[in-house]
Amino acid sequence: MKKLYMAGILSGLLFAGLTGTAQATAVTAHITADNHYGLYYGDATGSNLQFVGRNETGDGGSAGEYNWTLPETYTVNTSAGDYLYVAVWDDGRPQMLTVDFSWDADTAPELVTDASNWQFIQGGTTLPGASSIPVAIGAMQTYAGSAGWAPIGASLAYNSGPWGNIDGVDDSAKFIWGTSADGSDSFQIFRTNNPVPAPEPATMLLFGTGLAGLIGVARKKKK
């Protein structure tokens, strides 16, 4: 009975390792925007969209001089195929979004803001308010499912003025905006071009293989 029980555990571990079943990818974000943002994640249609967080509701920073001076950090468990969405709006020119994302506690970011890995859609004419969820889930779902997504129009190098060095965001991240970073398009929604990948199965597979070896050794000793 013990052999069958251990074999069942091993089979389950191997299956989970090979397929990634019921596994989530932990995504860590370091993010800020001029002036305000709301971070979300969900599938391409927005049907399962989740709100993560936002920055300060006022002009000043809870740390730093302005609300964009220092980034916030979030870690969320996403499913394979989820996209990362950011609603961004400003209270005057200039305007930008900068963020780096890393998967499963990696220190080096796998994704940063740039012109090639992001797209945008123009928001409405009314700026989001200072509520806990700056753009309602229903409105974000409408944006997500829209056919109006377009390539990024403005991408400025790290340390560009007037923002300079944003301490806490990887220096490979650009300051992006859908149109001119000094324009009047003050409410835009951004999302990644590619979805979050499935977690690597290698760890679970190696663990399962090692467990199989231990079971084999135990059986030899018993004989």
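In the predicted model, Arg191 lies over the face of Tyr83, with a distance of 5.3 Å from the ring centre. This placement of a charged side chain over an aromatic ring introduces a description of the aromatic residues, of the strands that carry them and of the nonpolar cores.

The count of aromatic pairs in the model comes to eight. One of them is formed by Phe101 and Trp118, whose rings are stacked, at 6.0 Å centre to centre and with 20 degrees between the planes. Because Phe101 belongs to strand S6 and Trp118 to strand S8, this pair ties together parts that are 17 residues apart in sequence. Phe101 is buried, with a relative accessible area of 1%, and Trp118 is likewise buried, its relative accessible area being 1%. A further pair is made by Phe120 and Phe190, whose ring centres are 6.4 Å apart and whose planes stand at 35 degrees, so that the pair is classed as tilted. Since Phe120 lies in strand S8 and Phe190 in strand S12 (residues 187-192), the parts that this pair ties together are 70 residues apart in sequence. Phe120 and Phe190 are both buried, and ring pairs link these two residues with Trp177 into a cluster.

Some of these aromatic residues also appear in the description of the nonpolar cores. In soluble globular proteins, nonpolar side chains tend to be buried together. The largest nonpolar core of the model comprises 26 residues, and those with the most contacts inside it are Phe101, Trp118 and Phe190. At least two residues of this core are supplied by each of S1, S2, strand S4 (72-78), strand S5 (83-89), S6, strand S8 (118-122) and strand S11 (175-177). Apart from this core lies another, of 14 residues, which includes Tyr85, Ala87, Ile121 and Trp149. When residues up to four places away in sequence are not counted, Phe101 touches Val27, Thr28, Ala29, Leu39, Leu84, Pro109, Glu110, Leu111 and Trp118.

The strand that holds Phe101 was then considered as a whole. In strand S6 (residues 96-103), eight of the eight residues are buried, and the strand is therefore largely enclosed by the rest of the structure. Both of its faces are covered, since Met96, Thr98, Asp100 and Ser102 are buried on one side and Leu97, Val99, Phe101 and Trp103 are buried on the other. Strand S1 (residues 25-34) runs antiparallel to S6 and is joined to S6 by eight bridges; within S6, Thr98 is the residue that stands opposite Thr32. S6 is also joined by two bridges to strand S7 (residues 111-112), again in an antiparallel arrangement, and the bridge partner of Asp100 in S7 is Val112.

A polar residue in a buried position is provided by His36, which is located in strand S2 (residues 36-42). With a relative accessible area of 7%, His36 falls under the 20% limit and is therefore counted as buried. The side chain of His36 reaches the backbone oxygen of Glu56 at 3.0 Å. Leaving aside residues up to four places away in sequence, the residues that His36 touches are Arg54, Asn55, Glu56, Thr57, Gly58, Asn67, Ala87, Val88 and Trp89. Among these contacts, Ala87 is also one of the residues of the core of 14 residues described above.

Notes:
Residues numbered from 1 in each chain as written. Predicted model: local features only at pLDDT ≥ 70, side-chain atom pairs only at ≥ 80, totals over all residues. Heavy atoms only, no water. Helix = DSSP H or I, 4+ residues; strand = E, 2+ residues; numbered from the N terminus. Buried < 20%, exposed > 50% of the residue type's maximum accessible area, 1.4 Å probe, protein only. Polar contact = N/O pair within 3.5 Å; in protein donor to acceptor, adjacent residues only side chain to side chain. Contact = heavy atoms within 4.5 Å. Pairing = 2+ DSSP bridges. Core = buried A, V, L, I, M, F, W, Y, C linked by side-chain atoms within 4.5 Å. Phe/Tyr/Trp six-rings, centres within 6.5 Å; stacked < 30°, edge-to-face > 60°. Lys NZ or Arg CZ within 6 Å of the ring centre and 35° of its normal.
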